[in-house]
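Trainee: Got a minute to walk me through this one? I'd like to start with a single side chain and work outwards.

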Amino acid sequence: MSVRDSIDRSGMSRFQIRVVAICLVINLVDGFDVLVMSFAAPGVAQEWALTDSRVGVLLSSGLVGMALGSAVLAPLADRIGRRPLTLVCLALCTAGMALAALSTGFAVLAGCRLLTGLGIGGMVASLPVVISEYTPRRLRGTMIALYGMGLPLGGVLGGAVAKLVVAEYGWRATFFAGAVLTLAMVFAVAAAMPESLDYLISRRPRSALSKVNRLLARMRLPAVDTLPGPEPGEDRMRVTTLLTRDKARTVLLWISYFVMMAGFYFAASWTPLLLQQSGFSAQEGMNAGLLLNLGGIAGTLLFGLLALKARLRVLTVGCFLAAGMAYLAMSLFLGSAAAALTAAVAVGMFINAAGNGLNAVAPGLYAAPVRATGVGWAMAFGRVGALTAPMLAGLLLDHSWSPRSLFGLLVVPLAAAAVAVFVITAPRRARTAAKADTPAALT
């Protein structure tokens, strides 16, 4: 029996649960690090008298770094390993957050956010890959969804910290808190996070066989006598082949990530300020930001439960369509506090669930030796949407667009992304990618 079959036919050991938990907490800290800027933005804008477009640049600076990290750093995981890259990226995030707390001007803070984003983008592509490799197939969607819960949890944590410390210590204290949390994760990963099984088998570093067997023993699975050989042609795959072997599927996956991340980061970055500009109080705006992330947690939990029974394809497509309806509701009912806050919950719920769906299906589209590269480049393209949306929102506000119009702008793209996911997960495509869906290095 292959290693992959052994994992798929077994339950979740304590060791495997711990792997998922570590990835979840890393994602939580990443969520804090990237979303804390939206809670610090009002204080920064007031202290430095920034225009909306300059606030948009600050909100997008971290996302620019994330795009660069996903494209440049994430593929290194296929060469040096998922665990070492995660440690390096967490160190970059720690430095970026600490320096942001000490920043004295717009340009310096933007550079610090860029550095933080670089670290986040470099590691987030590897974490769903690690989870998928250590999780039985029947539980994979649920475990990925639980991992995805870390991002909105980080947003809730960021909002709670902002409420506690901004009034007393100023906006810089939020970045200092993030630096401390991220530094703690450096030590946690160094002590407890294992290397990717697929990396050990496909790249075969020194003592790979003994390392694989030690990991199998911790999962209470039988040892293997030899490591399986790579599939023909896998060692020749590079980034360029992602656009040649199945160009249509890869491009549609990139578009889906682009739209999902544009919707998420626009809402996460601008919702508190847009509600204030619509006549709500600063407290109501901050409450909307918190509710957005609480909705994300609820959506992630619901997705995880439904993934135990429903097909990931149907679930992900439905989440994209529901997210489009939620943005439409936000646009139509922005005049009422109760309706706007309810719509904020729905936006957070469905856009996070859509992201969980993409993270669950994307790793299976690529073979083990280029899995982090494939997912990393898809996320990198998604980061272009993530960084474009907050900046574009600031520019459109400077040109007299209303908050209603900005929320309504995303309805059609989200529906189009639902169609894209429907196409790339069609049964015909699944058969073509059957070898990619079952990690070749584990067979």
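Mentor: Let's start with Glu-47, which is partly exposed at a relative accessible area of 43%. For that scale, buried is under 20%, exposed is over 50%, and partly exposed is in between, with a 1.4 Å probe and protein chains only.

Trainee: Any ground rules before I trust the numbers?

Mentor: This is a predicted model, so local features need pLDDT of at least 70 and side-chain atom pairs count only at pLDDT 80 or more, while totals for chains, interfaces and linings use all residues. Residues are numbered from 1 along each chain as its sequence is written, and side-chain values use heavy atoms, with hydrogens and water left out.

Trainee: OK, back to Glu-47. Which side chain does Glu-47 meet in a salt bridge?

Mentor: Arg-172, at 3.3 Å from N to O. Arg-172 sits in helix 10 (residues 172-192) and Glu-47 in helix 2, so the pair ties together parts 125 residues apart in sequence. Arg-172 is partly exposed, with 26% relative accessibility.

Trainee: What's the cut-off for calling it a salt bridge?

Mentor: A side-chain nitrogen of Lys or Arg has to be within 4 Å of a carboxyl oxygen of Asp or Glu.

Trainee: And how many salt bridges does that rule give?

Mentor: Two. The other pair is Glu-133 with Arg-82, at 3.6 Å from N to O. Glu-133 is in helix 7 (residues 126-134) and Arg-82 in helix 5 (residues 82-101), so this pair ties together parts 51 residues apart in sequence.

Trainee: Are Glu-133 and Arg-82 buried or exposed?

Mentor: Both Glu-133 and Arg-82 are buried.

Trainee: Let me zoom out. How many helices and strands are there in the chain?

Mentor: 21 helices and zero strands. Those are DSSP runs numbered from the N terminus: helices are H or I with at least four residues, strands are E with at least two. Of the 443 residues, 60% count as buried.

Trainee: What share of the contacts comes from residues 24 or more positions apart?

Mentor: 84%, among contacts with a separation of 6 or more. A contact here is heavy atoms within 4.5 Å.

Trainee: Now the inside. How many residues are in the largest nonpolar core?

Mentor: 136, and the ones with the most contacts inside it are Phe-175, Tyr-265, Phe-266 and Tyr-327. Membership takes a buried Ala, Val, Leu, Ile, Met, Phe, Trp, Tyr or Cys, joined through side-chain atoms within 4.5 Å. Helix 2 (residues 14-48) gives the largest share of this core, 18 residues.

Trainee: Which residues does Phe-266 touch?

Mentor: Leaving out residues up to four places away in sequence, Phe-266 touches Met-261, Thr-271, Leu-274, Tyr-327, Ala-389, Ala-393, Leu-406, Phe-407 and Leu-410.

Trainee: Give me something from helix 2 as well.

Mentor: Try Val-36, which is placed in helix 2. Val-36 is buried, at 1% relative accessibility. Again leaving out residues up to four places away, Val-36 touches Gly-31, Met-97, Arg-113, Thr-174 and Phe-175. The C-alpha atoms of Val-36 and Gly-155 are 7.0 Å apart, with these positions 119 residues apart along the chain.

Trainee: Changing topic: how many disulfides are there?

Mentor: Zero, going by a rule that needs a pair of cysteine sulfur atoms within 2.5 Å. Take Cys-93: the nearest cysteine sulfur belongs to Cys-89 and is 6.9 Å away. Cys-93 is buried, at 0% relative accessible area.

Trainee: And outside, which residues make the nonpolar surface patch?

Mentor: Val-251, Ile-255, Phe-381 and Val-384, covering about 260 Å². Helix 13 (247-277) and helix 17 (371-398) each give two or more residues to that patch. Patches take residues with over 30% relative accessible area and no salt bridge, joining nonpolar side chains (Val, Leu, Ile, Met, Phe, Trp, Tyr) within 5 Å and like charges within 9 Å. Val-251 counts as partly exposed at 31%.

Trainee: Last one: which non-glycine residue has a positive phi of about 60°?

Mentor: Ser-207. Ser-207 is in the loop between helix 11 (197-203) and helix 12 (208-218), and is partly exposed at 43%. Arg-220 also has a positive phi, near 60°. Arg-220 lies in the loop between helix 12 and helix 13 and is exposed, at 71% relative accessibility.

Trainee: Why flag a positive phi at all?

Mentor: Because most residues other than glycine have a negative phi.

Key: Accessible areas come from the Shrake-Rupley method with a 1.4 Å probe; for residues, only the protein chains shown count as cover.
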